[in-house]
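Hi everyone, thanks for making the time. Have the sequence and the structure open while I talk, and feel free to turn the view around as we go.

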Amino acid sequence: MAKKDGGLRFQPTGGSRAPQIPVGKKQKLTIERLANDGRGIGFVEGRTWFVSGALAGEDVEARLLGAHGKVVEARVERILNASAERRNEACVHAKVCGGCSLQHMPHADQLALKQRMLAEQLSRLGNLEPREWAPPLIGPELGYRRRARIAVRWEHKAKRLDVGFRAAASQDIIAIADCPVLVQALQPILRALPQVLRELDKPQAIGHVELFSGSCSAVLVRHTAALGEADLARLQAFCTAHNAQLWLHGSAEPQPVEPAQPLHYRLDAFNLSLAYQPGDFIQVNQPVNDAMIAQALDWLAPQADERVLDLFCGLGNFALPLAQRVGELIAVEGVQSMVERAALNAQMNGLSNAQFFQADLSKPLADPQWAQDGFAAVLLDPPRDGALQVVRQMTALGVKRVLYVSCNPTTLARDSAELLAQGYQLERAGILDMFPQTAHVEAMALFVRP
């Protein structure tokens, strides 16, 4: 009870919060518009429902997945009145798998959604609009993904190994027989993988499995305990039958079970070959990656007499094509093993004008020797948390042109505002459709300082 003696008055825990609604509850509602992530938005009794799998204008029955105050997360259970724009999903698992959330939406509408998301983030966080919007870079809608992570979990009570992809908004694992977005070379491996894992003497030792497609296929098995000789033999025989390398990842760096030639992928437009090993970051979509590199060089317009900096260089995906165009290239990466592989890739491709260095790019550059002479241009390809600390140093490095490749419009907008404060102008921007059928947005932006 509240006190009546003039002292502090206390309300019962929760105050006037809306009553909770149970997970699994079904609700009929009309979808009024789409959120930036492609979910439909509807309103019922003062609550805002975000419904995956719904399109604007549809009447649906939605199943509640979770609620936070007056915000409800749900998924479509049944379409009562379908939009004329709705299309049939290419994958039978699309409604439950967490991998692709936009298969019910025409590809042109997916691109418009991603374009809107990028424009709204730039406007809201940076009060920015480019002088020119570039058309989206696109590739195949399906069959594009050349690496994939397969979830594995041992159910102790049932003594069962679940193998597949994570469910949408859940830790459940959905068994997948075919994945339409996976490249064709990995489809037979995906189909046969669950059976061989379940036949292991110690299936509970498997943490997850990653599939890679490059110069050949590779299977990376992450294990939490040592695997016996019989299990290793089964896995090796499986990979041999599928013409794939077998790699193991325990507590140390991934290692091949048998000596193997390094995997590599080609950049044919530049006559380059980049070696990598399973576990390294590579772009999942080869056609869009090729187009992205070509557009980056076109926008940045590197010259033969210029000194250029590539930050977050990874294996050299941008660095090696850049080195073909400029007088001197400096490339920097946070992971030492990637620095070494990038340097080896430059050497193997006959590029002697590129130097590679390790530095923590989440922190300000501590006046390194390689930065003393400044740079005409910089290319950045940071992870999702962006590049705020190094972006703040662009004018100190003498940079006139900045080409920013982003996998997160929010941090791109934040970092763009910092560049604007330093006197740069946003000349051009556009989306890269690296992940069709999903709401994930990649973007490219060019900044110029007069």
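Let's start at E45, which sits in the loop between β3 (40–44) and β4 (47–52). Its phi is near 50 degrees, a positive value in a residue other than glycine. Is E45 buried or exposed? With a relative accessibility of 75%, E45 counts as exposed.

Before going further, a word on confidence, since this is a predicted model. Mean pLDDT for the chain is 92, and 96% of the residues reach 70 or more. The stretch to be careful with is residues 1–16, where pLDDT stays under 50. For those residues the model has 5 contacts beyond four places in sequence. Where pLDDT is low, the predicted coordinates should not be read in detail.

E45 has a counterpart later in the chain for anyone who likes backbone torsions. N271 has a phi near 55 degrees, again a positive value in a residue other than glycine. You'll find N271 in the loop between β15 (263–267) and β16. At 57% relative accessibility, N271 is in the exposed class.

Stay in that region and step into strand β16, residues 272–276, which is where L274 sits. How accessible is L274? Its relative accessibility is 0%, so L274 counts as buried. Setting aside residues up to four places away in sequence, L274 touches L263, H264, Y265 and L267, together with L315, G316, N317, L320 and N345. For a sense of distance, take L274 and L200: they are 74 residues apart along the chain, and their C-alpha atoms are separated by 34 Å.

Just past that strand is P278, in the loop between β16 and α4 (286–300). P278 is at 1% relative accessibility and therefore counts as buried. Which residues does P278 touch, not counting those up to four places away in sequence? They are F212, A218, L220, W247, P254 and L263. L263 may sound familiar, because L274 touches L263 too. P278 and Q255 are 23 residues apart along the chain, with their C-alpha atoms separated by 8.7 Å.

Now for another loop residue, F312, which lies between β17 (307–311) and α5 (319–323). Its relative accessibility is 14%, and that is under the 20% cut-off, so F312 counts as buried. Leaving out neighbours within four places in sequence, F312 is in contact with V332, E333 and L361, and also with L380, D381, P382, P383, G386, A387 and V390. The C-alpha atoms of F312 and V339 are separated by 9.7 Å, and the two residues are 27 apart along the chain.

Going back toward the start of the chain, I21 is in the segment before β1 (26–30). Is I21 buried or exposed? At 19% relative accessible area, I21 is buried. Beyond its neighbours within four places in sequence, its contacts are R47, W49, L64, A67 and V72. I21 and T411 are 390 residues apart along the chain, and 34 Å separates their C-alpha atoms.

Let's finish with helix packing. Two packed helices are described by the angle between their axes and the distance between the axes.

First up is helix α1 (residues 107–126) with helix α8 (residues 409–421): their axes come within 8 Å and cross at roughly 45 degrees. The two are therefore oblique to each other, and α1 passes α8 in a right-handed crossing. On the α1 side, the contact is made by M117, L118, Q121, L122, L125 and G126. On the α8 side we have P409, T410, L412, A413, S416, A417 and L420. By class, that contact has 9 nonpolar, 4 polar and no charged residues.

The other pair is helix α2 (residues 187–198) and helix α3 (residues 229–241), with axes that come within 11 Å and cross at roughly 165 degrees. How is α2 oriented to α3? The angle makes α2 roughly antiparallel to α3. Here too the crossing of α2 past α3 is right-handed. I189, A192, L193, V196 and L197 of α2 meet R234, L235 and F238 of α3. By class, this contact has 7 nonpolar, no polar and 1 charged residues.

That's my tour, so over to you for questions.

Note on methods:
Residues numbered from 1 in each chain as written. Predicted model: local features only at pLDDT ≥ 70, side-chain atom pairs only at ≥ 80, totals over all residues. Heavy atoms only, no water. Axes fitted to C-alpha atoms, helices over the stretch in contact; angles between N-to-C directions. Helix = DSSP H or I, 4+ residues; strand = E, 2+ residues; numbered from the N terminus. Parallel < 35°, antiparallel > 145°, perpendicular 65-115°, else oblique. Left-handed = near helix turned anticlockwise from the far one by under 90°. Contact = heavy atoms within 4.5 Å. Nonpolar A, V, L, I, M, F, W, Y, C, P; charged D, E, K, R; others polar. Buried < 20%, exposed > 50% of the residue type's maximum accessible area, 1.4 Å probe, protein only. pLDDT = per-residue confidence, 0-100.
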